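Here is a short briefing to read alongside the model. Please keep the 3D view open as you go through the points.

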Amino acid sequence: MRRGARALLVLALGALAGAQGFGFTPTVLNLDPTRSLNTQTTMLNTTRVASKFTVSVKAWRVEGGRMVLTDTRDLLVNPAEFILPGGASQVVRVGLRKKPGAAEVAYRLLVQQVPYGTSVPQTTVAADGIDVRLDLPTTFSLPVYVAPPGAAARMSFDAQRQGNDLILRLANAGTRHETFNAFQAARGDTRVDLASLAVLGGASVTLTLPGLGARSGDLTLSFLNADAKPARVTVRVP
C-alpha cells in the first residue's frame with residue numbers, strides 16, 4: 001500500500017473502537033449544519049486506572065495523495081482536557097464556529113493521553129547496553145465531517161495490472177467523502193481483505209491488490225459506504 005493510501009486510513013470506523021482499554025462511541029462524527037452546530041462522542045475507560053487526556057481538533061485535507069492536518073479555529077471542543085477514572089466515561093462535545101459552504105469540510109478530533117500517575121504505558125529498550133524506559137501515550141484520531149444537504153461523493157475506479165498484482169485507484173470528484181468499511185476485493189476465485197478507509201471529496205487513493213493481477217475476469221469491490229449501507233462495484237481490468 002502506498003503512503004498516500006496509508007495516510008487516508010480511517011483509524012476508527014464502526015460502532016466502537018478501542019486500544020489499551022479505551023474506546024469511543026460513536027467513532028465517526030457527522031454534523032449536518034442545517035440541523036445542529038454541535039455533535040459529540042463518549043470516551044470509555046474499561047481499565048481500573050485513571051488516565052489524563054488533552055483534546056484538540058485539526059483541519060483535514062489531502063495534498064498529493066497525503067493527509068495534511070493543520071491548526072484550525074473552525075471547531076470548539078469541550079472539554080479540552082480531562083481525567084478519566086477507571087471504569088468511567090467522558091462526553092467530548094464539538095461545536096462548529098464556521099459558516100458552512102456547499103461542500104463537505106473534514107476535520108480530525110485528536111484525543112491524546114498525557115502522563116498521569118502510572119497510567120501512561122511504558123516499554124524498556126536496550127540502547128548501547130543501557131536500558132531506556134520510553135513513555136508510549138496513545139493518541140486517538142476520530143474523523144469529523146461537516147456535510148451540508150446535497151453534498152455527495154462521486155467515485156471513479158481504475159484497475160491496472162502490475163505483474164501478479166493489481167493497482168487500484170479510487171478517485172472522488174464529489175463534494176462529500178466516501179467510506180470503504182468491511183472492504184473486500186475479489187477477482188476469479190481470489191478475495192483480498194482491505195483496511196477500511198475514507199476518500200475525501202477531491203482526493204484519490206491508490207492501493208495494491210496482491211495476487212489479483214494473475215486472475216481473470218472483472219474486479220469486484222464490496223464495502224459499507226458512508227451511509228453504512230452495503231455497496232458493490234464492478235471494475236473492468238484491461
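Ala159 has Leu168 of S15 as its bridge partner. This is a predicted model, in which local features need pLDDT of at least 70 and side-chain atom pairs count only at pLDDT 80 or more, while totals for chains, interfaces and linings use all residues. Residues are numbered from 1 along each chain as its sequence is written, and side-chain values use heavy atoms, with hydrogens and water left out.

**The sheet around S15**

- S14 and S15 run antiparallel and are joined by 8 bridges; strands are DSSP runs of E with at least two residues, numbered from the N terminus, and two of them pair if DSSP finds at least two bridges between them.
- The open sheet has 3 strands in the order S14-S15-S19, with antiparallel pairing.
- Strand S14 (155-162) and strand S19 (204-209) are the edge strands, each pairing on one side only.
- On average, neighbouring strands of this sheet are turned by 20° against each other, direction ignored (axes are lines fitted to C-alpha atoms, and angles run from 0 to 180 degrees between N-to-C directions).

**Arg176 and the second largest pocket**

- Arg176 sits in the loop between strand S15 (165-172) and strand S16 (178-187).
- The side chains of Arg176 and Asp227 share a polar contact of 3.2 Å (a pair of N or O atoms within 3.5 Å, one able to donate a hydrogen and the other to accept it; residues adjacent in sequence count only if both atoms are side-chain atoms).
- Beyond its neighbours within four places in sequence, Arg176 has contacts (heavy atoms within 4.5 Å) that include Glu104, Ala151 and Gly201.
- Arg176 and Glu104 also help line the second largest pocket, together with residues including Tyr145 and His177.
- That pocket has a volume of about 160 Å³; on a 1 Å grid over the protein atoms alone, a pocket is an open set of points with protein on both sides within 12 Å along at least five of seven lines, and lining residues have an atom within 4 Å of a point.
- A volume is the space filled by probe spheres set on the points, which are joined across faces, edges and corners.

**Backbone features to look for**

- Cis peptide bonds, with omega about 0°, join Thr25 to Pro26 and Asn78 to Pro79.
- Pro26 lies in the loop between strand S2 (22-25) and strand S3 (29-31), and Pro79 in the loop between strand S7 (75-78) and strand S8 (81-84).
- Ala182, in strand S16, has a positive phi of about 50° although it is not a glycine.

Note on methods:
Helix = DSSP H or I, 4+ residues; strand = E, 2+ residues; numbered from the N terminus. 1 Å grid on protein atoms, 1.4 Å probe; cavity = no way out; pocket = protein on both sides within 12 Å on 5 of 7 lines; lining within 4 Å.
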